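Subject: Structure handover

Dear colleague,

Here is the structure I said I would pass on. My notes on it follow below.

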Amino acid sequence: MEKIKIGIVGYGNIGRGVELAVERNEDMELKAIFTRREPESVQIMTEGVPVVHMDDILSMKDEIDVMILCGGSATDLPVIGPEIVKNFNTIDSFDTHAKIPEYFADVDASAKAGGHIGIISVGWDPGMFSLNRIYAESILVQGDTYTFWGKGVSQGHSDAIRRVKGVKNAIQYTVPVEEAVEQVRSGCGPKLTTRDKHLRECYVVAEEGADLKEIEETIKNMPNYFSDYNTTVTFITEEQLKAEHSKMPHGGFVIRSGETGREGSKHVIEYSLKLDSNPEFTSSVLVCYARAAYRLSKNGDSGAKTVFDIAPGMLSMKTAEELRAQLL
């Protein structure tokens, strides 16, 4: 079996999750991990795989089929996404929903210039939830779609908090408002604002001497992340963070309620996820889309793509014949 050669850019929670996911896919092999840190300081789990400094990424241009970009969406991916796709096929989990069109355009221009594929915003939301929204809305043309997240750790939002001046460490939980969930499940089609549907709970370790009020106000007023939500900021110690907030569960559900026929028959479609490890699940989605990127590139395609552009069969190790026989 010809193996797809994978590179990982960034070795945080997602990077480690991708490393573990590659192990579980027999048609893939990990070729290198790229980091801004001193390579010798990074201890990885896979024996025999080099850790390479980002400055030397082009030295492996001919040895990697797909680069999986594991940076944050706030400041990292907008820079490295368009840059790396000039020389490699890429996958990323860019999750700032409001900026996806802009980011897509930047990656698309660079990918086409370099003749590569760049699949953006891959994960469970955006990603798997996006697919379920489009399926449900296409089936129930008249209706309402609702997405709820949590309770769970949001990696992108936690990363955004950690970049605030004076923050040493932080974690953020997204919490559905239970009353809103039950209204939606009833099929009554309630009109809910962003603030009605979720709470955001932030637990922050501040640097010594930092202005706590300024940190709290910066977080609560952060556009695209917290400004549209009821947000709480609780300051805790590093020890409390490690003891009480070290795990990374998450989940959520997409619900579409709608009507069909002349008499208004009512229907509710619901897709849900319950995740022990947000980064490991997200990484598994990234890795299966790397297979699609490899196949698209082999077919001579180029440019930016989203999950809407990828046929489901492109994600699977199984042949088209096997899929028709076993899953259809």
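Which residues does Ile119 touch, not counting those up to four places away in sequence? In this predicted model, the contacts of Ile119 are Thr90, Ile91, Asp92, Tyr289, Ala292, Ala293, Lys305, Thr306 and Ile310.

Ile119 also belongs to the largest nonpolar core, which has 35 residues. Together with Ile6, Val18, Ile68, Ile91 and Tyr289, Ile119 touches the most other members of that core. At least two core residues come from each of β1 (4-9), α1 (13-23), β2 (28-35), β4 (66-69), β6 (117-119) and α10 (278-298). The biggest contribution is that of α10, at ten residues. A further core of 22 residues lies apart from this one, and includes Ile57, Ile64, Ala111 and Ala304.

Next, α10 itself. Of its 21 residues, 15 are buried, which leaves the helix mostly covered. Is the distance between its ends what a helix of 21 residues should give, or not what it should give? At 1.5 Å a residue α10 should span 30 Å, and the C-alpha atoms at its ends are 31 Å apart, so the two agree. At the N-terminal end, Ser277 acts as the cap, with a side-chain oxygen 3.2 Å from the backbone nitrogen of Glu280. After α10 comes Gly300, which has a positive phi, near 90°.

Now the sheet. It is open and has seven strands, in the order β3-β2-β1-β4-β5-β6-β14, with parallel pairing. β3 (51-53) and β14 (303-305) are the edge strands, each pairing on one side only. From one strand to the next, the twist averages 25°. α1 packs on this sheet, where it touches β1, β2 and β4, and the direction of α1 makes about 165° with that of β2.

Some detail on the pairing around β2. Six bridges pair β2 with β1 in the parallel sense, and Ile4 has Met28 of β2 as its bridge partner. β2 and β3 also run parallel, joined by three bridges; here Phe34 is partnered by Val52 in β3.

Why can β1 be called largely enclosed by the rest of the structure? Five of the six residues of β1 are buried, so that description follows. β1 is also among the elements that supply at least two residues each to the largest core.

Regards

Methods
Residues numbered from 1 in each chain as written. Predicted model: local features only at pLDDT ≥ 70, side-chain atom pairs only at ≥ 80, totals over all residues. Heavy atoms only, no water. Core = buried A, V, L, I, M, F, W, Y, C linked by side-chain atoms within 4.5 Å. Buried < 20%, exposed > 50% of the residue type's maximum accessible area, 1.4 Å probe, protein only. Helix = DSSP H or I, 4+ residues; strand = E, 2+ residues; numbered from the N terminus. Contact = heavy atoms within 4.5 Å. Expected span 1.5 Å × (residues − 1). Polar contact = N/O pair within 3.5 Å; in protein donor to acceptor, adjacent residues only side chain to side chain. Pairing = 2+ DSSP bridges. Axes fitted to C-alpha atoms, helices over the stretch in contact; angles between N-to-C directions.
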